[in-house]
Amino acid sequence: AETHDVQPEDPQYGDYPENLGSNISLNIENLPPDKPSKPSGPDEGLTKINYTFSTSTTDPESDQIYYLFKWGDNTTTNWLGPYNSGDVIQATHTWIEAGDYEIQVKAKDANDRESDWSDSHSIHIIKAPYVKVEQIYGGFFKVSTVIRNLGEIEATNIQWNITFDGGAIIGRETTGTIPKIPPGGNVTVNSNLVLGFGELTVTTKAKIPENEHEKINNGFAYFVY
């Protein structure tokens with residue numbers, strides 16, 4: 001609460017009887033932020049993968065706001081902030097175990113007045129393979145790509161392709177299948193023979209039923225390199 005001293009002769013408050021004393025205290029209540037919006041983010045996910053969620057709220061006095069996320073696995077963030085009233089903010093989390101989790105968030109202002117918890121956002125987490133194109137690099141007559149399995153179980157029959165756009169290039173697309181990649185493992189795949197000259201864009205895609213991933217690099221072809 002805040003107090004404001006008012007002098008009786010203050011014109012903005014009019015005339016006051018002398019028996020009111022020399023000061024009047026006005027109590028001004030500091031209100032907490034409004035309940036944050038339900039966290040927005042994916043409904044399904046995989047173990048050991050980062051997922052991002054967003055929320056926002058406002059404060060009646062336009063105080064700056066801090067946010068606390070509760071992830072449903074007995075963990076929370078620290079108080080995140082400060083943010084301006086009305087800003088949309090984000091936080092990320094990784095679940096270690098498969099299961100169903102309820103995500104909530106609450107807010108507090110600079111005077112430590114806390115809001116109610118938001119409505120819950122549900123997410124279903126499973127163990128699965130997860131392929132990612134991690135690196136693309138050039139060499140003599142070819143381009144190589146590293147594909148990694150970030151999931152917790154083996155990835156099988158990984159479909160991949162490397163394509164080139166731009167430049168005067170021979171050998172614009174290479175496709176193939178990787179039989180399997182163990183959890184945490186990686187495989188390097190190579191394009192077919194590439195000949196040409198000029199600026200180009202290299203796109204590599206890896207795909208399994210559970211997910212697909214794409215990476216794009218810009219480069220320059222020097223005939224055989």
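Two strands are taken to pair if DSSP finds at least two bridges between them. In this predicted model, strand β3 (residues 65-70) meets that condition with strand β6 (residues 99-109), over six bridges in the antiparallel sense. Within this pairing, Y66 has K108 as its bridge partner in β6. The contact between these two positions also involves the side chains: K108 lies over the face of Y66, at 5.8 Å from the ring centre.

The chain as a whole is built from strands. It holds 15 of them and zero helices. Of its 225 residues, 35% count as buried. The exposed area is about 12900 Å². Carbon and sulfur atoms supply 47% of that area. Contacts link remote stretches of sequence: among those with a separation of 6 or more, 60% come from residues 24 or more positions apart.

The β3-β6 pair belongs to an open sheet of five strands, with the order β1-β7-β6-β3-β4. Pairing in this sheet is mixed. Its edges are β1 (44-46) and β4 (80-83), each of which pairs on one side only. Neighbouring strands are turned by 30 degrees against each other on average, direction ignored. Strands of a sheet pair through backbone hydrogen bonds, in either a parallel or an antiparallel sense.

Aromatic side chains provide a further set of links. The structure holds six aromatic pairs. For F53 and W95, the ring centres are 6.1 Å apart and the planes stand at 85 degrees, so the pair is edge-to-face. The cut-off for that class is an angle over 60 degrees. This pair bridges distant parts of the chain, 42 residues apart. F53 is in strand β2 (residues 51-56), whereas W95 is in the loop between β5 (88-93) and β6. Both F53 and W95 are buried.

Y67 and Y83 form another edge-to-face pair, with 6.0 Å from centre to centre and 65 degrees between the planes. Here the link runs from strand β3, which holds Y67, to strand β4, which holds Y83, across 16 residues of sequence. The two partners differ in exposure. Y67 has a relative accessible area of 0% and is therefore buried. Y83 reaches 26% relative accessibility, so Y83 counts as partly exposed. The dividing value is 20%, under which a residue is buried.

A broader grouping is also present. F53, F69, W71, W95 and Y101 form one aromatic cluster. The F53-W95 pair described above, with its planes at 85 degrees, lies within this cluster. A lysine is also placed over a tryptophan ring: K70 lies over the face of W117, at 4.2 Å from the ring centre.

Beyond the five-stranded sheet, P129 occupies the loop between β7 (121-126) and β8 (131-139). Its relative accessible area is 3%, so P129 is buried. The contacts of P129 reach several parts of the sequence. Leaving aside residues up to four places away, P129 touches L46, N149, G151, I153, E154, A155, I208, E210 and N211. E152 also comes into the picture: its C-alpha atom is separated from that of P129 by 5.9 Å, although the two residues are 23 apart along the chain.

Strand β8 leads into a second open sheet. Three strands form it, in the order β8-β9-β13, with antiparallel pairing. β8 and β13 (186-190) are the edge strands, and each pairs on one side only. The twist averages 20 degrees from one strand to the next. Strand β9 (residues 142-149) pairs with β13 over five bridges. In that pairing, V146 stands opposite T188 in β13.

Further antiparallel pairings involve strand β10 (residues 155-165). With strand β12 (residues 173-181), β10 pairs over eight bridges. I158 stands opposite I178 in β12. With strand β14 (residues 195-208), β10 pairs over seven bridges, again in the antiparallel sense. There, D165 stands opposite T201 in β14.

How values were computed:
Residues are numbered from 1 along each chain as its sequence is written. This is a predicted model: local features need pLDDT of at least 70, side-chain atom pairs count only at pLDDT 80 or more; totals for chains, interfaces and linings use all residues. Side-chain values use heavy atoms; hydrogens and water are left out. Helices (H or I, at least four residues) and strands (E, at least two) are DSSP runs, numbered from the N terminus. Axes are lines fitted to C-alpha atoms, for helices over the stretch in contact, and angles run from 0 to 180 degrees between N-to-C directions. Buried means under 20% relative accessible area, exposed over 50%, partly exposed in between (1.4 Å probe, protein chains only). Contact means heavy atoms within 4.5 Å. Accessible areas come from the Shrake-Rupley method with a 1.4 Å probe; for residues, only the protein chains shown count as cover. Rings of Phe, Tyr and Trp (its six-membered ring) pair if their centres lie within 6.5 Å; planes under 30 degrees apart count as stacked, over 60 as edge-to-face and the rest as tilted. A charge sits over a ring if NZ of Lys or CZ of Arg is within 6 Å of the ring centre and within 35 degrees of the ring normal.
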